Amino acid sequence: MGGTSGAGGAGRVGLAGALDRWKALGSRYALVPLRVFLGVTFIYAAFDKLTDSAFFADSGTGSIGEMMTGVRDSSAIPALVDLALKNPAGFGYAIAFGELAVGIGTLVGLFARVAALGGALISLSLWLTVSWQVNPYYLGNDLAYLMAWLPLVLAGASVLSLDRLLAERRRTR
């Protein structure tokens with residue numbers, strides 16, 4: 001019984017072929033759930049900031065100024081916090097609009113690698129400032145977000161994306 005001969009063998013080859021097709025499909029679309037999660041999360045984070053009038057204040061409960069003052073001495077890069085404290089509202093708007101641009105770009109797959117790099121840089125800056133003092137380190141969410149962005153920086157958005165649509169359009173011209 002040499003493997004692929006007979007009805008039983010043909011069934012195994014068919015099943016193996018189907019499994020190979022599912023694996024290829026899974027590999028092709030593997031990063032889509034990550035793109036959706038990160039895109040929606042960053043859009044939500046941006047709107048959360050942009051709709052909270054207290055967030056952009058220099059001081060007071062829930063303000064970016066109070067948060068930056070609170071983490072200044074425990075930050076890995078106090079100079080970055082000092083820079084943010086020179087204009088807390090401007091820094092807050094930069095973060096919010098950066099998150100919005102990153103989220104939209106990631107979700108729709110437009111300049112996906114650039115968007116992912118932006119998300120990674122935002123996450124890195126937040127990890128080195130806001131969540132640096134979290135102990136143990138793995139409880140700080142900004143480091144996990146930084147690591148989640150890296151596959152998208154490397155791979156981009158090759159499926160279900162405007163980048164793909166634009167690339168196909170250029171090829172047909």
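How many residues does helix H6 have, and how far does H6 reach from its first C-alpha to its last? The views below, all taken from a predicted model, begin with the overall fold and then address this question and related details.

**Figure 1. Overall arrangement of the predicted model.** The secondary structure of the protein consists of eight helices and zero strands, in the order α-α-α-α-α-α-α-α from the N terminus. With a radius of gyration of 22 Å, well over the 16 Å that the globule rule gives for 173 residues, the protein is more spread out than a compact globule. Along the principal axes, its C-alpha atoms fill a box of roughly 75 × 45 × 25 Å. Of the 173 residues, 34% are buried. Where contacts link residues at least 6 apart in sequence, 67% of them join residues at least 24 apart.

**Figure 2. Surface and charge of the protein.** The exposed area is about 10400 Å², of which carbon and sulfur atoms supply 67%. There are 14 positive and 11 negative side chains, and 21 Å separates the centres of the two sets.

**Figure 3. Close-up of helix H6, residues 112-129.** H6 has 18 residues and reaches 26 Å from its first C-alpha to its last, close to the 26 Å expected at 1.5 Å a residue. Its buried residues include Ala 112, Ala 115, Ala 116, Gly 119 and Ala 120. Towards the end of the helix, Ser 125, Leu 126, Trp 127, Leu 128 and Thr 129 are also buried. The cover over the buried residues of H6 includes helices H2 (32-50), H3 (64-71), H4 (78-86), H5 (88-108), H7 (141-155) and H8 (162-172).

**Figure 4. Close-up of helix H5 and the residue that follows it.** The 21 residues of H5 should span 30 Å at 1.5 Å a residue, and its end C-alpha atoms are 30 Å apart, which agrees. Among the buried residues of H5 are Pro 88, Gly 92, Ile 95, Glu 99, Leu 100, Val 102, Gly 103 and Thr 106. Helices H2, H3, H4, H6 and H7 are included in what covers the buried residues of H5. Just after H5, Gly 109 adopts a positive phi of about 70 degrees.

**Figure 5. Ile 77 in the loop between H3 and H4.** Is Ile 77 buried, partly exposed or exposed? Its relative accessibility is 34%, so Ile 77 counts as partly exposed. Apart from neighbours within four places in sequence, Ile 77 is in contact with Leu 128 and Thr 129, two residues that are buried in H6. The C-alpha atoms of Ile 77 and Leu 150 are 22 Å apart in space, and the two residues are 73 residues apart in sequence.

**Figure 6. Backbone geometry in three loops.** Most residues other than glycine have a negative phi, and most peptide bonds are trans. Phe 111, in the loop between H5 and H6, has a positive phi near 50 degrees. Phe 111 counts as exposed because its relative accessibility is 58%. Leu 160, found in the loop between H7 and H8, likewise has a positive phi, near 50 degrees. Leu 160 is exposed, with a relative accessible area of 59%. In the loop between H6 and H7 lies Pro 136; the peptide bond from Asn 135 to Pro 136 is cis, with omega near 0 degrees.

Technical notes. Residues numbered from 1 in each chain as written. Predicted model: local features only at pLDDT ≥ 70, side-chain atom pairs only at ≥ 80, totals over all residues. Heavy atoms only, no water. Helix = DSSP H or I, 4+ residues; strand = E, 2+ residues; numbered from the N terminus. Expected span 1.5 Å × (residues − 1). Buried < 20%, exposed > 50% of the residue type's maximum accessible area, 1.4 Å probe, protein only. Contact = heavy atoms within 4.5 Å. Rg over C-alpha atoms; globule rule 2.2 N^0.38 Å. Areas by Shrake-Rupley, 256 points an atom, 1.4 Å probe, with all protein chains shown as cover. Lys, Arg positive; Asp, Glu negative; His and termini not counted. Charge placed at Lys NZ, Arg CZ, Asp CG, Glu CD.
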